[in-house]
Amino acid sequence: MGGLQKKKYERGSATNYITRNKARKKLQLSLADFRRLCILKGIYPHEPKHKKKVNKGSTAPRTFYLLKDIRFLLHEPIVRKFREYKVFVRKLRKAYGKAEWTGVERLRDNKPGYKLDHIIKERYPTFVDALRDIDDALSMCFLFSTFARTGKCHVQTITLCRRLSVEWMNYIIASRSLKKVGRARLQGAECPFQWAHPTDVDYRVMATFTEMYTTLLGFVNFRLYQTLNLVYPPKLDSKAESELKAEHEADYAMDSESYLEKLSALSASLARVVATAEEEENQMDQFPTEGEDQENLEAREKEQKEQEAHKRLFEGLKFFLNREVPRESLAFILRCFGAEVSWDQSLCIGGTYDVTDESITHQIVDRPNMDKQYINRYYIQPQWVFDTVNAKMLLPVEDYFIGVTLPPHLSPFVEEKDGDYVPPEKLKLMALQRGEKPGQDDEEDDDDDDDDDEEEEEEEDDDDGDDDELTEERNLKKMENQRAQGKTLAVKVTPGKVRPWETGSVGNRVRLEQEEKAEEKRLAIMMMKKKEKYLYDKIMFGKKRTVREANKLTAKRKAHEDASKAEKKAKKQ
Amino acid sequence: MASVKRLKRVAASQPGFIGFKQSEDLNSGRRKRVNKNKKKNWNKHSDIQDVEEFLDDVRLQERAAGGLISERTDESLFFWDIGEPKRKIQPEVQQDHKGKKSKSRPLRIDLILQHDSLVPPPKDILAHQQPNAKKLRRIAEKAAKLASLGVVTRRQKRLLNRRPARATVPKAETDANNFPERPFYDLWGEGAKETADPYFLEQTGKKLVKRPEKLNAKPSVLPAVEIIAPGGSYNPDFFSHQALLLEAHEVEVKKEKAVLRVERQLAVNREDIATEETVFQEQVEGLVEEDDEEYESEEPGGVSTRGSLPQEKKTEKERKRERADKLKLQKKQAAQVFTSRKQQLFQLRSIQAALKKDEQQTAERVTQRKAKQEAEKSMPRRLGRLKFQAQDLEVQLSDEIPGSLRTLKPEGSVLKDRFKSMQKRNMIEPRERAKFKRRHKLKYVEKRAFKEIT
């Protein structure tokens with residue numbers, strides 16, 4: 001043997017980690033400062049693989065950091081600022097104790113501060129990196145901007161967060177880059193004023209995160225505005241600004257705040273650095289490609305066209321928001337897709353037209369009935385907006401009239417694979433998107449629900465007529481008549497018809513082709529190796545299972561609907 | 001003032017003067033002899049008691065009666081007593097307004113505090129006059145004249161030349177990180193390159209240390225904002241809502257099970273509870289003799305004989321035999337190994353199968369371990385004393401689902417959700433609020449002020 005005895009915990013993982021307290025001592029910071037530094041620099045605790053080894057034989061649960069991370073922290077210039085701040089607090093306390101008020105003032109004016117710009121640059125070396133982390137920053141800023149100014153955190157922070165979030169929303173509107181309406185996003189904007197602050201949240205930690213994220217979001221905003229040729233900090237269009245001049249503006253907000261409020265109203269467009277009439281359509285560059293790529297390219301082009309259409313979803317429509325609907329979120333969404341929005345004077349600053357405006361096409365209402373209704377506009381519930389945006393097409397307004405039981409709000413974040421269970425509402429929606437009209441069974445459902453039986457019969461008579469278009473026209477007329485009477489519309493759909501060319505000889509040929517294909521597939525399966533066959537069987541089994549489950553769910557749904565229908569009928573009688 | 005005093009004294013000397021207070025006997029004490037050739041003694045020893053009293057009396061009369069009574073006319077002091085005047089209507093009126101009157105009557109404390117002196121307050125001269133009025137007027141006139149001529153005085157020049165007062169917002173505030181109007185710039189643009197010598201920058205600690213690549217990796221693969229299942233919508237599809245409810249239900253069941261488990265573990269075993277019988281047994285323990293003891297006394301003897309077996313020395317013969325046995329055994333074992341090896345040649349297939357099975361098992365374990373590691377990436381790690389506690393699912397029950405956005409009641413809190421999300425993504429360790437612990441017991445001391453009252 002010979003040699004020195006190896007000591008335990010002097011090499012390996014024991015030396016790679018450091019406990020939180022030791023790290024704190026190494027950096028000569030208080031725990032709060034250490035925590036702050038770690039958050040700002042993006043250094044997170046680690047769970048070692050072998051805790052007992054790292055903890056020198058003890059099994060007590062501790063927080064560990066990587067030693068190299070802490071060594072990296074030692075070089076941070078902000079650490080010195082923290083120490084300076086500590087000294088500042090000490091001096092201030094002393095001055096207070098001695099009642100030296102001039103001293104206090106002088107100290108206050110020279111309060112040491114620090115900037116996080118270099119940290120942002122270091123953590124996000126490129127703009128793309130910053131965009132990758134933007135969701136966290138956004139959620140924090142939106143959250144803090146909704147806080148009440150009760151002293152839980154600095155009022156300045158709240159104001160800054162509000163400014164940044166308003167800037168962000170204005171950017172999204174200007175660039176028309178909203179794709180889906182998320183519930184999460186809505187939540188953040190909607191329910192803030194009602195919660196009591198939960199007590200088990202560490203506000204200091206949250207404030208530190210916000211401090212970092214506000215800086216990040218500010219720089220990102222600047223860059224985004226720059227790319228769109230917009231003035232930063234955002235300025236209202238001079239035309240829009242004059243429009244927004246309200247006579248009782250002074251009552252609404254202080255002068256210092258009213259500009260931000262006007263910006264946050266989201267109803268006006270922003271000023272551009274270079275005044276252009278409209279953004280010119282930027283054509284995608286065409287590259288000469290071969291065979292396979294051509295298809296891809298076409299697909300991409302189609303997709304882009306769809307996106308363009310989606311962006312202009314609400315263009316040309318004029319909305320009015322009633323007092324009871326969530327203004328900010330709805331105005332934001334509507335503006336993102338090119339609509340014109342206004343609201344009641346008492347609700348918020350920045351409404352551009354009145355309820356009495358004749359050119360309003362849609363009024364968004366969230367109450368069971370309205371006293372005074374205008375003939376030439378739709379009164380719809382807010383869900384129509386969300387569903388329309390998610391469906392990427394203008395949905396029929398009939399399902400969303402005042403007092404109508406709304407169809408379920410489907411999550412836009414769920415994507416069904418084939419074989420999965422798809423709720424019937426989604427099926428209907430998909431059919432609509434394909435440009436088809438809802439099928440026979442839907443009509444039956446609707447008929448059951450309808451109140452006025454006479455009209456139905458009439459309509460059914462109409463359906464018997466051979467010309468589809470004619471009936472449609474007539475239906476439309478009837479709708480208009482009903483609208484004039486101020487009634488809610490009876491939802492009406494015509495049955496799909498089998499086209500003659502589908503049953504003819506062409507159909508036969510199609511069937512032959514299909515049969516051929518099936519045969520080929522069968523042969524291919526026969527030719528498979530044993531190993532591949534096994535895998536194939538497994539996959540097929542899995543698919544069958546999902547289909548079976550989906551079938552089960554549809555059956556369940558059917559049963560549920562039948563039951564609810566029976567209940568309704570019983571109630572009616 | 002002096003003239004007033006004199007007047008009063010004159011009035012007092014007149015025969016008709018009536019004082020409020022009775023005059024005291026001046027001859028009560030013995031007269032003290034003092035030299036009156038010193039002014040100091042005049043002040044000290046001359047008796048001015050009567051004068052003081054008289055003046056007090058005059059002041060009292062002025063306060064209470066609004067002037068000297070002796071100067072009043074008789075009509076203002078006396079009246080003809082010709083019986084009670086008739087008051088018939090008054091009591092009714094009083095009854096009518098009883099409630100009102102009691103309300104309007106001033107409080108006694110206010111009455112006490114009221115100013116009741118009849119001496120009018122002294123006039124405020126400055127209300128009508130301006131001090132230095134003349135001077136000020138002259139200055140103003142001169143300034144107007146100079147201004148009309150366009151002359152700027154030196155004083156004004158100095159005022160103008162003085163640096164403007166500091167901006168209303170101090171620098172520390174505008175420089176702060178959270179200053180609402182703080183400017184931003186293009187951080188990722190082509191900034192000015194460092195011009196200084198890199199070695200100098202490095203040595204003076206002005207150059208930032210390069211951030212290790214590893215630090216840019218996120219501690220968890222979870223997304224920043226987790227989107228609730230479709231059942232969490234305010235107007236959900238029936239089945240997705242049911243699915244979410246089921247999920248929430250399972251969480252609750254798990255929690256309840258944990259509580260029940262603890263309760264079960266803490267429960268006292270029924271056999272451990274004292275019954276009458278066991279209590280009695282305990283009381284008579286050792287008092288009643290039993291027959292079992294006889295058995296016990298026999299055994300120790302047997303054990304002792306076996307334990308103290310003497311070690312005997314082996315004979316030569318025995319040793320030889322043992323050695324032979326050992327050798328034989330070794331040979332036998334070697335032969336066995338040899339034959340088994342020879343046999344293995346015929347077992348090749350089964351061995352191969354076993355090997356394959358082993359390999360398969362290891363491969364399976366590897367995949368399992370990989371899968372586990374992959375799953376752990378999205379799991380909250382144990383980062384401190386406390387384990388991560390997931391937030392309650394934000395679910396609305398079937399009868400709570402609102403038909404419209406207007407009637408939607410907010411569930412949960414976004415702030416808490418954010419906080420928990422950060423914990424879940426291993427960015428901060430779960431902590432609990434530090435509990436306030438008093439190191440020393442509080443000592444009760446009765447304060448003096450408090451003591452006086454009780």
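What share of the contacts in chain B with a separation of 6 or more is accounted for by residues 24 or more positions apart? Before I answer, please keep in mind that what we have here is a predicted model, and that the values I quote were computed from it. The answer is 65%, and for chain A, counting in the same way, the value is also 65%.

Let me take the two chains in turn. Chain B has 454 residues, of which 14% count as buried, and its secondary structure consists of 18 helices and 0 strands. Chain A has 573 residues, of which 40% count as buried, and here there are 26 helices together with 6 strands.

Now to the place where the chains meet. On the side of chain B, 67 residues are in contact with chain A, and on the other side 103 residues of chain A take part. The area buried between the two chains is about 7200 Å², and carbon and sulfur atoms give 61% of that. Within chain B, the residues that lose the most area to chain A are B:Phe184, B:Trp188 and B:Leu415, which together make up 12% of what that side buries.

The charged and polar side of the interface deserves a word as well. Between chain B and chain A there are 10 salt bridges, including one in which the side chains of B:Arg182 and A:Asp117 meet at 3.5 Å, N to O. If we turn to polar contacts, the count is 20 residue pairs, with both residues at pLDDT 80 or more. As for the elements of chain B that touch chain A, α10 (171-175), α12 (238-266) and α17 (414-424) each supply at least two residues, and α17(B) gives the most, with 6 residues. Sorted by kind, the residues on this side of chain B divide into 33 nonpolar, 21 charged and 13 polar.

Finally, I would like to look at the packing. The largest nonpolar core has 113 residues, and those with the most contacts inside it are A:Tyr213, A:Phe314 and B:Trp188. Helix α13 of chain A, residues 203-227, contributes the largest share of this core, with 13 residues. B:Trp188, then, appears both among the residues of chain B that lose the most area to chain A and among those with the most contacts inside the core. As for A:Phe314, leaving aside residues up to four places away in sequence, the residues that A:Phe314 touches include A:Phe319, A:Leu334, A:Phe337, A:Trp384 and A:Leu394.

Key
Residues numbered from 1 in each chain as written. Chains lettered and ligands numbered in written order. Predicted model: local features only at pLDDT ≥ 70, side-chain atom pairs only at ≥ 80, totals over all residues. Heavy atoms only, no water. Contact = heavy atoms within 4.5 Å. Buried area = accessible area lost by both parts, 1.4 Å probe. Salt bridge = Lys/Arg side-chain N within 4 Å of Asp/Glu carboxyl O. Polar contact = N/O pair within 3.5 Å; in protein donor to acceptor, adjacent residues only side chain to side chain. Helix = DSSP H or I, 4+ residues; strand = E, 2+ residues; numbered from the N terminus. Nonpolar A, V, L, I, M, F, W, Y, C, P; charged D, E, K, R; others polar. Core = buried A, V, L, I, M, F, W, Y, C linked by side-chain atoms within 4.5 Å. Buried < 20%, exposed > 50% of the residue type's maximum accessible area, 1.4 Å probe, protein only.
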